[in-house]
Amino acid sequence: MQSFSGTLTKKDLQILLIKRNIEPFKGGWALPGGLVLDDENLDDAVKRELHEEAGIKPDFLEQLYTFGNVGRDPRNRVVSVAYLGLVNPSYHELFADSDADDAQWFSVNRLPAVAFDHKNIIDIA
């Protein structure tokens, strides 16, 4: 079963983070995400990335906000469409795959430092 960081209770709001295994921010925690394939829509891309990077399938997804500030990613210009997803962590066995070394649930009250502008995304969510 998945591992929880720190002491979580059922009342804690939790967020899924992945540990990156590629640069930039290799070894750092980040929100799961990735590129949309040429032949898929946004919702399908979100579901695919969540499953590839952490092994979860969300029960509910809703588009949250679009982030497009210059300098968000040191590699190139990136526009991200963030989604808010709801899952019951006890129904999912997390596993890291793809470009993730680890995947863990964290209490929103006790988050590690996160890569890119993901703290801003979390705050808006």
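Which side chain meets that of E52 in a salt bridge? The side chain of R48 does, at 3.3 Å from N to O. This contact appears in the second of the close-up views below, all drawn from a predicted model.

**Figure 1. Confidence along the predicted chain.** The chain has a mean pLDDT of 89. A pLDDT of 70 or more is reached by 92% of the residues. Residues 1-6 stay under 50. For residues 1-6 the model has 16 contacts beyond four places in sequence. Where pLDDT is low, the predicted coordinates should not be read in detail.

**Figure 2. Salt bridges around R48 in helix α1.** R48 and E52 both belong to helix α1, which covers residues 42-54. They lie four residues apart, about one turn of the helix. The N to O distance of their salt bridge is 3.3 Å. R48 also meets the side chain of E49 in a salt bridge, here at 3.0 Å from N to O. R48 has a relative accessibility of 19%, so it counts as buried, because the limit for that class is under 20%. E49 counts as buried as well, at 10% relative accessibility. E52, at 30%, is partly exposed.

**Figure 3. The salt bridge of K119 and D123 in helix α2.** The count for the model is seven salt bridges, and one of them joins the side chains of K119 and D123 at 2.7 Å from N to O. Helix α2 spans residues 118-124, and K119 and D123 are four residues apart in it, which means a separation of about one helical turn. K119 is partly exposed, with 47% relative accessibility. D123 has a relative accessible area of 51% and is therefore exposed, since that class begins over 50%. Elsewhere, salt bridges with shared partners connect E40, R48, E49 and E52 in one network.

**Figure 4. The open sheet β2-β1-β5.** Three strands make up this open sheet, in the order β2-β1-β5, with antiparallel pairing. β2 and β5 each have a single partner strand and stand at the edges, so one side of each is left without a neighbour in the sheet. Strand β1, residues 14-20, pairs with β5 over seven bridges in the antiparallel sense. Two positions of β1 can be followed across to β5: the bridge partner of I18 is A103, and that of I15 is F106. β5 is mostly covered, with six of its eight residues buried.

**Figure 5. The aromatic pair W29 and F106.** Three aromatic pairs are counted in the model. One of them, W29 with F106, is edge-to-face, with 4.9 Å from centre to centre and 75° between the planes. The pair links distant parts of the chain, as W29 lies in strand β2 (residues 29-30) and F106 in strand β5 (residues 100-107), 77 residues apart. Both rings belong to buried residues: W29 has a relative accessibility of 12%, and F106 has a relative accessible area of 7%.

**Figure 6. The aromatic pair Y65 and F67.** The ring centres of Y65 and F67 are 4.8 Å apart and the planes are at 55°, so the pair is tilted. Y65 is partly exposed, with a relative accessible area of 44%. F67 is buried, with a relative accessible area of 4%.

**Figure 7. Two nonpolar cores.** In soluble globular proteins, nonpolar side chains tend to be buried together. The largest nonpolar core here has 11 residues, including L16, I18, V46, L50, Y83, A103 and W105. At least two residues of this core come from each of β1, α1 and β5. A second, separate core has 10 residues, among them I15, L17, F67 and F106. The bridge partners I18 and A103 are both members of the largest core, while the bridge partners I15 and F106 are both in the second core.

**Figure 8. The surroundings of Y83.** Y83 is one of the residues of the largest nonpolar core. Leaving aside residues up to four places away in sequence, Y83 touches L42, D43, V46, L61, E62, Q63 and L64. Of these neighbours, V46 is also listed in the largest core.

Note on methods: Residues are numbered from 1 along each chain as its sequence is written. This is a predicted model: local features need pLDDT of at least 70, side-chain atom pairs count only at pLDDT 80 or more; totals for chains, interfaces and linings use all residues. Side-chain values use heavy atoms; hydrogens and water are left out. A salt bridge is a side-chain nitrogen of Lys or Arg within 4 Å of a carboxyl oxygen of Asp or Glu. Buried means under 20% relative accessible area, exposed over 50%, partly exposed in between (1.4 Å probe, protein chains only). Rings of Phe, Tyr and Trp (its six-membered ring) pair if their centres lie within 6.5 Å; planes under 30 degrees apart count as stacked, over 60 as edge-to-face and the rest as tilted. pLDDT is the predictor's confidence in each residue, from 0 to 100. Contact means heavy atoms within 4.5 Å. Two strands pair if DSSP finds at least two bridges between them. A nonpolar core is a set of buried Ala, Val, Leu, Ile, Met, Phe, Trp, Tyr and Cys residues joined through side-chain atoms within 4.5 Å.
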